[in-house]
Amino acid sequence: MSVSVTQRPISDLSRDDLVQWCAEQGQAAFRADQIRRWMFGKRVNDFDEMHDVPAQLRAALHEQFTLFASEISAHQVSTDGTEKLLLELLDGNKVECVLMRESTRRTVCISTQVGCAMGCVFCASGLLGITRNLSTGEILEQLLRVDRLLSPDERITNVVVMGIGEPLANLPALLPVLHTINEKGALGLGARRITISTVGLPDKIRELAALGTRYNLAISLHAPNDPLRNELVPVNKNVGIQAILQAADEYFEQSGRRISYEYVLLGGVNDTPEIAKQLGHLLRGRNSHVNVIPMNTVAEMPFKDPGRVRTERFVKTLRELGIIVTIRKRKGEDIDAACGQLRLKREDGGS
Ligand code: SAH
């Protein structure tokens with residue numbers, strides 16, 4: 001018992017949990033807020049740096065918690081300012097998180113699982129299957145780690161839950177993280193700055209809607225018809241596009257947030273004008289937007305980047321049907337920043 005308590009990461013605790021813990025130490029609630037200010041705002045790396053926290057309370061923190069539960073196993077910096085961390089968790093598993101810089105934006109991409117069970121045929125994250133869900137603390141810690149890469153005048157401005165794993169398959173651990181990102185006194189980012197990317201699990205989308213959350217939802221569609229989507233996103237066989245679109249429409253009704261549909265463009269597979277037309281008809285009249293992502297080549301996989309000409313033709317066909325389209329910019333190509341790639345390399349090559 002004492003061993004696991006000793007190793008508990010403090011980021012596993014909500015504000016309420018920390019207030020209660022402080023009370024158990026005979027301390028007032030404001031001490032919890034002080035501790036959290038040092039964790040989130042002032043980026044300390046040790047409980048001892050929390051100067052206005054009484055020494056006795058700091059000693060108790062040391063005894064019962066760790067500030068971080070992971071070690072930085074690799075840190076890569078791209079020429080475009082993108083940075084990537086590979087974190088080694090207490091049990092030796094590894095996860096990735098990425099910092100992307102774009103003008104005044106500082107966007108962090110976080111992972112929710114070790115591996116992924118969805119099996120998308122073009123995605124590096126699912127190649128090794130799923131090992132386990134991440135805990136709340138393990139997800140939150142990615143943000144704390146990335147926050148400490150920033151210079152004093154930089155702040156995290158956006159969070160995308162688009163790293164390794166299927167976020168909606170780990171909602172119980174993820175929801176408290178989103179709450180903390182949102183919460184004043186923690187990261188304090190508005191819901192509109194937080195995006196959850198999902199393969200499309202209708203029941204879970206409804207669960208999120210029922211909670212009244214107003215996070216942005218991005219749905220990884222990748223195909224406008226079920227036979228093609230079944231091939232690319234195997235989990236679709238049990239779901240179906242119509243059920244996803246219905247749940248997404250309901251999410252829009254509830255949240256007022258325009259749904260974003262992600263579409264990885266695989267050269268010669270899902271990038272023809274006919275398929276673009278089908279996609280356009282499917283989404284026409286829906287309050288949505290398509291984010292086209294040219295395939296990031298993964299050595300182990302047969303799919304290829306469609307190239308500029310095919311990408312532009314696809315986008316043009318969609319726009320002619322009145323669909324709002326953006327093309328995702330590549331970030332950190334020189335550091336394997338696309339999701340799952342660095343972890344895959346390390347697990348494969350043992351380097
Ligand atoms: N499981 C969630 C979130 C993680 S994947 C989801 O499916 O949305 C984040 C996004 O990256 C998804 O849209 C996914 O389809 C895309 N992606 C995965 N592998 C890719 C690759 N090799 N090239 C481009 N995008 C990829």
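**Why these labels fit: a helix, a strand and a ligand site**

Visitor: Which residues of helix H3 are buried?

Guide: The buried residues of H3 are Arg 31, Ala 32, Gln 34, Ile 35, Arg 36, Trp 38, Met 39 and Phe 40. This is a predicted model. In it, buried means under 20% relative accessible area.

Visitor: What covers the buried residues of H3?

Guide: Among the elements covering them are helix H2 (15–24), helix H4 (55–64), helix H5 (136–147) and helix H6 (171–182).

Visitor: How do you know that the span of H3 agrees with the expected value?

Guide: Take 1.5 Å times one less than the number of residues. H3 covers residues 29–41, which is 13 residues, so 18 Å is expected. The C-alpha atoms at its ends are 18 Å apart, so the two values agree. Just after the helix, Arg 43 has a positive phi of about 55°.

Visitor: Why is strand S13 called largely enclosed?

Guide: S13 spans residues 288–294, and seven of its seven residues are buried, so the rest of the structure largely encloses it. In a regular strand, side chains alternate between the two faces of the sheet. Both faces of S13 are covered. Ser 288, Val 290, Val 292 and Pro 294 are buried on one side; His 289, Asn 291 and Ile 293 are buried on the other.

Visitor: What makes S12 and S13 a pair?

Guide: Pairing takes at least two bridges. Seven join S12 (residues 259–265) to S13, and the two run parallel. Ser 260 stands opposite His 289 in S13. From S12 the chain crosses through helix H10 (residues 273–283) to S13, a right-handed β-α-β crossover.

Visitor: How do you know that S13 pairs with S14?

Guide: Three bridges link S13 to S14 (residues 325–327), in the parallel sense. At least two are needed, so they count as a pair. Val 292 faces Ile 327 in S14. With helix H11 (residues 307–320), S13 and S14 form a right-handed β-α-β unit.

Visitor: Why is Ala 124 called buried?

Guide: Its relative accessible area is 4%. The cut-off is under 20%, so Ala 124 is buried. Ala 124 sits in the loop between strand S7 (113–115) and strand S8 (130–133). Its C-alpha atom is 9.5 Å from that of Thr 297, 173 residues apart along the chain.

Visitor: What makes the pairing of Ser 197 with the ligand a polar contact?

Guide: The cut-off is 3.5 Å between N or O atoms. A polar side-chain atom of Ser 197 lies 2.6 Å from a ligand oxygen atom, so the pair qualifies. Glu 262 places a polar side-chain atom 3.2 Å from an oxygen atom of the ligand. For Glu 166, the partner is a ligand nitrogen atom, at 3.0 Å.

How values were computed. Residues numbered from 1 in each chain as written. Predicted model: local features only at pLDDT ≥ 70, side-chain atom pairs only at ≥ 80, totals over all residues. Heavy atoms only, no water. Buried < 20%, exposed > 50% of the residue type's maximum accessible area, 1.4 Å probe, protein only. Helix = DSSP H or I, 4+ residues; strand = E, 2+ residues; numbered from the N terminus. Right-handed = clockwise from strand over helix to strand, strands pointing away. Contact = heavy atoms within 4.5 Å. Polar contact = N/O pair within 3.5 Å; in protein donor to acceptor, adjacent residues only side chain to side chain.
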